Amino acid sequence: LRKLTNSGGKLPPSVVRRMREIFPAAEIHLMYGLTEAFRSTSLDPALVDTHPDSIGTAIPFAEVEVLRPDGSPAAPGEEGELVHKGPLVAKGYWNDPERTAQRFRDGAVWSGDTVRRDEEGLLYFVSRADAMIKTSGNRVSPTEVEEAAIASGLVAEAAAFGVPDPRVGENIALVVRGRREDEAELRNHLKRELPNFMQPHAILFRDELPRSPNGKLDRERLRQELMA
């Protein structure tokens, strides 16, 4: 096997490292994309070992910016919204002018994804802007909780959500594909890897997680089940 790549969401670093162990001679092209623009960024395979958590830089013919809510560029290390411009961007949503007006402006699509750019120009995915969990005055990226759970080796998939709580704002609920008998070990792992305010209030084990028609994890369905 000579080359490996992904498209769509960011791969957890623990998965990237495992890919490297299994396929040491293969070039791994970590990519990140939007439904509205296909692929947006790619990480140079030479940087995979040193930056396994990065989504890289803009691919050819794509212009990717990290912008504040007012449209000004975010500083290095500052979180902002990923905005994709250029010929790879779709014209809008089919027969949906209202959503098109919300997300598409001047030939660019505002992704709704929160990212940051480091001093070297590499991009890092933080979270979906509408998925951030606000608990005890802290903003928690569900991605960080999910990646910590997967890195334990005890679960195959994970999805973290904020569940309303009158005392702290939101509690963290973690839904995983794994074995219930591993809960104590998983919690111990998370306590070692994450600060107290990022610890899940509840861990729900499933044999399978719901999928959308295109095979992706159906987060909205999971959210609705948690809120029911």
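In which sense do β1 and strand β2 pair, and over how many bridges? The two run parallel, with 3 bridges between them. That pairing opens the set of close-ups below. Everything here comes from a predicted model, where local features need pLDDT of at least 70, side-chain atom pairs count only at pLDDT 80 or more, and totals for chains, interfaces and linings use all residues. Residues are numbered from 1 along each chain as its sequence is written, and side-chain values use heavy atoms, with hydrogens and water left out.

**Figure 1. A mixed sheet of 4 strands, in the order β1-β2-β3-β4.** This sheet is open, and its edges are β1 (3–5) and β4 (57–58), each pairing on one side only. Strands here are DSSP runs of E with at least two residues, helices are runs of H or I with at least four, and both are numbered from the N terminus. Two strands count as paired if DSSP finds at least two bridges between them. Look along β2 (residues 27–34) for E27, which sits opposite K3.

**Figure 2. The 3-stranded sheet β12-β13-β14, seen strand by strand.** This one is open too, again with mixed pairing. At the edges are β12 (155–165) and β14 (202–206), each with a partner on one side only. From one strand to the next, the twist averages 25° (axes are lines fitted to C-alpha atoms, for helices over the stretch in contact, and angles run from 0 to 180 degrees between N-to-C directions). A hairpin takes the chain from β12 to β13 through 3 residues. β12 and β13 (residues 169–178) are antiparallel, paired over 10 bridges. Two places to check the register: A159 faces V175 in β13, and V163 has N171 as its bridge partner. In a regular strand, side chains alternate between the two faces of the sheet. β12 is mostly covered, with 8 of its 11 residues buried; buried means under 20% relative accessible area, exposed over 50%, and partly exposed in between, using a 1.4 Å probe and protein chains only.

**Figure 3. Helices α4 and α5 against that sheet.** Helix α4 (residues 183–193) packs on the sheet and touches β12, β13 and β14 (contact means heavy atoms within 4.5 Å). Its direction makes about 130° with that of β14. Helix α5 (residues 219–227) lies across β12, β13 and β14, running at about 50° to β12. These helices also mark the two ends of the confidence scale: the mean is lowest in α5, at 85, and highest in α4, at 97. For the chain, mean pLDDT (the predictor's confidence in each residue, from 0 to 100) is 92, and 100% of residues reach 70 or more.

**Figure 4. Two loop residues with positive phi, F61 and S136.** Most residues other than glycine have a negative phi. F61 has a phi near 70° and lies in the loop between β4 and β5 (63–67). Is F61 buried or exposed? F61 is exposed, with a relative accessible area of 67%. S136 has a phi near 50° and belongs to the loop between β10 (133–135) and β11 (138–140). At 48% relative accessibility, S136 counts as partly exposed.

**Figure 5. Surroundings of F104 and S111.** F104 lies in strand β7 (residues 104–105) and is buried, at 13% relative accessible area. Leaving out residues up to four places away in sequence, F104 touches E36, V89, A90, K91, G92, Y93 and V109. R117 is 13 residues from F104 along the chain, and their C-alpha atoms are separated by 22 Å. S111 lies in strand β8 (residues 108–117) and is buried, with just 1% relative accessibility. Beyond neighbours within four places in sequence, S111 is in contact with L34, E81, L82, R103 and R128.

**Figure 6. A cavity lined by residues including N6 and I55.** On a 1 Å grid over the protein atoms alone, a cavity is a set of points where a 1.4 Å probe fits but cannot get out. The count comes to 1 cavity of 30 Å³ or more. The largest cavity holds about 60 Å³ of space, a volume being the space filled by probe spheres set on the points, with grid points joined across faces, edges and corners. Its lining residues (those with an atom within 4 Å of a point) are N6, K10, L11, V16, L30, M31, P52, D53, S54 and I55.

Technical notes. 1 Å grid on protein atoms, 1.4 Å probe; cavity = no way out; pocket = protein on both sides within 12 Å on 5 of 7 lines; lining within 4 Å.
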